[in-house]
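Biologist: Got a minute to walk me through this model? I'd like the overall picture and then a few odd spots.

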Amino acid sequence: MKTTTQVAVIGGGVVGCSVLYHLTKLGWSDVMLLERSELTSGSTWHAAGGFHTLNGDTNMAALQGYTIRLYKELEEITGMSCGLHHVGGITLADNRDRFDMLLAERAKHRFMGLETEIVGPEEIRKIAPITNTDGIIGALYDPLDGHLDPSGTTHAYAKAARMGGATIETHCMVHETNQRADGTWDVVTNKGTIHAEHVVNAGGLWAREVGAMAGVYFPLHPMEHQYLVTDSIPQIEAIIDAGGEHPHVMDPAGESYLRQEGRGLCIGFYEQTCRPWAVDGTSWDFGHELLPDDFDKITDSIEFAYRRFPVLAEAGVKSVIHGPFTFAPDGNPLVGPVPGLRNYWSACGVMAGFSQGGGVGLTLAQWMIEGEPERDVFAMDVARFGDWISPGYTRPKVIENYQKRFSVSYPNEELPAARPARTTPMYDIFTDLGAVWGQQYGLEVPNYFAQGDEPGYETPSFRRSNAFDATGREVRAVRSGVGINEVHNFGKYRIVGPAARDWLDRIMAGRIPKPGRVSLTPMLSPKGKLIGDFTVSCLYETEFRLTASYGSQAFHMRWFLQNAQDGVAVENISDRQNGFQIAGPKATQVLAACTRDDLSGFRFLDLRRMTVGMAECIVQRVSYTGDLGYEIYCDPMAQRQLWWTLWQAGQEHGIVPFGMRAMMSLRLDKFFGSWMREFSPDYTAAETGLDRFISFSKNADFIGRAAAEAERASGPARRLVAFEVDAEDADVNAYEPVWLGGKVAGFCTSGGYSHYAGKSIAMGFLPTDRAADGLEVEIEILGQLCKARVISEPLFDADGARMRG
Ligand SMILES: Cc1cc2nc3c(=O)[nH]c(=O)nc-3n(C[C@H](O)[C@H](O)[C@H](O)COP(=O)(O)OP(=O)(O)OC[C@H]3O[C@@H](n4cnc5c(N)ncnc54)[C@H](O)[C@@H]3O)c2cc1C
């Protein structure tokens with residue numbers, strides 16, 4: 001056996017083999033895979049082998065499309081069969097909301113180049129003749145859906161990897177992974193120790209145990225899952241005899257997926273009465289066995305399936321496959337560099353290995369070899385969960401995700417499991433004030449405050465929700481008086497040391513402010529992609545604060561530590577600094593009543609240390625509402641005291657608490673972009689207009705400078721613009737196509753209702769040469785083409801007089 005390697009991939013399931021193949025495909029050949037038994041000895045061998053592109057996240061859907069197209073390439077390279085059946089598939093909708101979700105998916109597919117189609121009951125009966133369409137409104141047809149042979153496909157990946165120079169060591173059990181001082185790894189196996197520059201955890205069912213060898217907790221959990229294969233069915237035999245094959249049918253109402261298997265059918269269920277498996281860890285003795293059949297937990301699902309597919313009622317059951325596979329709390333894989341560890345990579349939590357395995361392998365290989373993936377993969381980045389996550393949180397979330405596998409996902413939906421997990425000292429005070437809570441990165445965040453007979457629960461919807469009036473009331477209160485909310489959901493970092501300014505100048509593309517001042521800056525990847533949108537505050541020449549998205553803490557800290565420098569310390573203080581934002585024309589009067597400081601010379605983007613009530617605070621004159629406003633930060637121990645001070649002083653000015661729904665409406669008035677909507681690693685600073693914050697004149701070779709300068713010279717091909725939309729009862733959410741002259745010319749990044757202006761607003765990309773003020777376009781919202789026009793003048797305070805005044 002080799003004793004040194006550039007990469008040791010642990011695990012020979014479909015994911016490990018795909019990673020190995022993609023490493024060779026992108027040019028690394030000194031790579032090896034270690035498998036404790038034979039290849040496919042985890043969940044891979046008993047998979048049903050189905051694949052599809054449908055995924056709520058657009059980039060995940062694109063990677064699923066890549067995976068599916070890859071199988072032909074694998075067959076050509078290796079001469080092996082993946083047992084491909086490209087039979088197409090339909091997803092049924094039995095109610096309006098489900099149909100809305102399919103319409104929204106179809107719309108996204110237009111600019112992704114996916115040829116899906118909405119079909120009605122009559123066509124459904126033609127495509128999938130065994131379906132009882134009673135109560136069905138329509139379906140989404142995807143010609144790319146199909147199934148394959150899980151074992152054959154895994155071995156094809158393995159063969160292709162070997163052809164690229166990779167080594168595969170079976171019956172090689174990894175017992176330990178020990179890091180050396182230089183960041184490389186000793187991988188201890190039953191066959192000896194391998195010295196590897198990089199380690200990849202593709203341990204599937206054992207990923208938790210493999211992670212623990214390096215001291216890492218991976219937030220995933222295995223669930224039991226069952227599918228049945230029937231004896232021959234005459235109606236299926238007739239289709240086969242006529243030269244056809246029955247397509248896949250997903251029936252979300254019945255929580256089932258169905259496809260042809262031999263001359264019969266195979267049907268699997270995501271039942272509500274599901275069960276987590278191996279709660280305290282996966283036994284090393286588990287291997288090629290199945291779990292005992294359990295019809296009790298799927299009785300209701302089977303009865304539903306008999307009504308939807310009556311042929312099943314007459315069919316005998318040939319075999320039952322009941323096995324475990326792993327899920328992360330949100331159902332997406334855990335991929336990428338593990339925060340806090342050098343040269344340790346994650347490729348686990350992949351619940352749909354045959355839809356996603358290729359995309360996971362490609363992404364990880366790009367990240368390892370080229371330094372960054374080609375697209376925004378935050379939806380599957382292992383860093384989307386912070387170090388606050390625990391098995392006690394993961395398990396109920398994974399159960400919830402399993403149960404909701406086929407449920408409608410609404411853009412405004414707040415999932416209830418494992419809540420509240422993390423709260424600030426304001427939780428009970430805000431609850432008493434009517435807070436209707438959402439969750440962000442484990443943290444409870446008020447969406448709005450229900451007053452009087454306003455609803456205490458926001459109904460999930462694709463259209464304007466029942467929180468519309470409460471949100472409008474909060475927006476108007478801010479614009480006409482003063483509003484208050486917490487600054488708990490900002491990621492906050494403390495940067496200290498003699499080299500702090502130099503480091504910031506290198507990490508951030510923008511100008512780094514002088515003491516007492518605040519600036520805004522993009523953070524770029526080496527390829528010039530947006531990896532952060534930061535506020536930088538200078539307290540002293542050697543001490544700075546950064547604020548950014550709360551949900552990106554692990555993502556940002558990973559980048560900061562990868563780019564660490566002597567003479568500077570970076571600390572995540574997100575939960576150690578808290579406080580409030582007050583905004584609106586009366587904000588200064590409220591603050592003035594709470595401090596002895598003279599606020600007359602306190603300019604926009606100034607920063608001061610100030611005593612507010614009894615609390616020592618850092619106060620910044622800046623507000624994401626686009627209004628006159630202040631962010632007031634303090635020690636969380638002083639937060640309740642600070643609250644009572646501001647709240648009491650605010651009473652005579654009619655102060656009103658406001659939540660995230662109002663915040664998102666307020667920022668639209670000024671066309672302020674939002675992280676992971678307008679600003680993400682899919683886009684560059686020039687495309688989004690954030691290049692206005694890049695300091696090309698500063699004497700620093702900041703990361704991404706060359707790429708940003710090149711784009712500055714050539715100009716971006718597309719540009720972020722704002723639209724006013726003639727919407728009815730549904731506003732833009734994200735990724736709706738923008739039609740121009742009968743063709744899809746762009747897409748939306750986000751949208752909503754401006755309660756201040758009484759208009760539906762969207763933001764999105766158009767080709768630069770078309771992006772002119774007043775351009776008339778159409779935006780497809782839930783299958784309906786809505787007239788829209790490009791607008792360039794902000795709806796509120798267009799000249800910034802109030803914000804700066
Ligand atoms: C009943 C059922 C039906 C399914 N149907 C589908 C489907 O239709 N479509 C779909 O896409 N997905 C399906 N899945 C899910 C699919 O099986 C998984 O997504 C996929 O198998 C995950 O592959 P993996 O490589 O991540 O993990 P695994 O297959 O679990 O592989 C992990 C490998 O790592 C090895 N390993 C672990 N620890 C060590 C160690 N210390 N040293 C050496 N080797 C180690 C194991 O032996 C194993 O071979 C189904 C799953 C089940 C249970």
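Modeller: Sure, one term before we start: contact means heavy atoms within 4.5 Å. Residues are numbered from 1 along each chain as its sequence is written, and side-chain values use heavy atoms, with hydrogens and water left out. This is a predicted model, where local features need pLDDT of at least 70, side-chain atom pairs count only at pLDDT 80 or more, and totals for chains, interfaces and linings use all residues.

Biologist: OK, with that contact term in hand, which residues does Asp-94 touch?

Modeller: Not counting residues up to four places away in sequence, Asp-94 touches Gly-135, Ile-136, Ile-137, Ala-253 and Arg-308.

Biologist: And where does Asp-94 sit?

Modeller: Asp-94 is in the loop between strand S4 (89–93) and helix H3 (96–112). Helices (H or I, at least four residues) and strands (E, at least two) are DSSP runs, numbered from the N terminus.

Biologist: Is Asp-94 buried or exposed?

Modeller: Neither label fits: Asp-94 counts as partly exposed because its relative accessibility is 29%. Buried means under 20% relative accessible area, exposed over 50%, and partly exposed in between (1.4 Å probe, protein chains only).

Biologist: How far is Asp-94 from Asp-251?

Modeller: They are 157 residues apart in sequence, but C-alpha to C-alpha the spacing is 8.8 Å.

Biologist: Let's zoom out. What domains does the chain have?

Modeller: The assignment gives domain 1 (4–327), domain 2 (485–576 + 684–714) and domain 3 (578–654). Those bounds come from an automatic or database domain assignment. The C-alpha centres of domain 1 and domain 2 lie 39 Å apart.

Biologist: How many helices and strands are there in the chain?

Modeller: There are 21 helices and 37 strands.

Biologist: What about the radius of gyration?

Modeller: The chain has 27 Å, which agrees with a compact globule, because one with 805 residues would have a radius of gyration near 28 Å. The radius is taken over C-alpha atoms, and the globule rule is 2.2 Å times the number of residues to the power 0.38. Along its principal axes, the C-alpha trace spans about 85 × 60 × 50 Å.

Biologist: How much of the chain is buried?

Modeller: Buried residues are 61% of the 805. As for contacts with a separation of 6 or more, 72% are between residues 24 or more positions apart.

Biologist: Now the odd spots. Where is there a cis peptide bond?

Modeller: A cis bond joins Arg-419 and Pro-420, with omega about -15°. Pro-420 lies in the loop between helix H11 (391–403) and helix H12 (427–432).

Biologist: Why flag that?

Modeller: Most peptide bonds are trans, and most residues other than glycine have a negative phi.

Biologist: Which phi does Thr-40 have?

Modeller: Phi of Thr-40 is positive, near 65°. Thr-40 is in the loop between strand S2 (31–34) and strand S3 (50–51), and it counts as buried because its relative accessibility is 4%.

Biologist: And Leu-605, what's its phi?

Modeller: Leu-605 also has a positive phi, near 70°. Its place is the loop between helix H16 (587–592) and strand S28 (607–612). With a relative accessible area of 15%, Leu-605 is buried.

Biologist: Last one: where is Trp-644?

Modeller: Trp-644 is in helix H17 (residues 639–651). It is partly exposed, with a relative accessible area of 38%. Trp-644 and Thr-547 are 97 residues apart in sequence and 25 Å apart in space, C-alpha to C-alpha.
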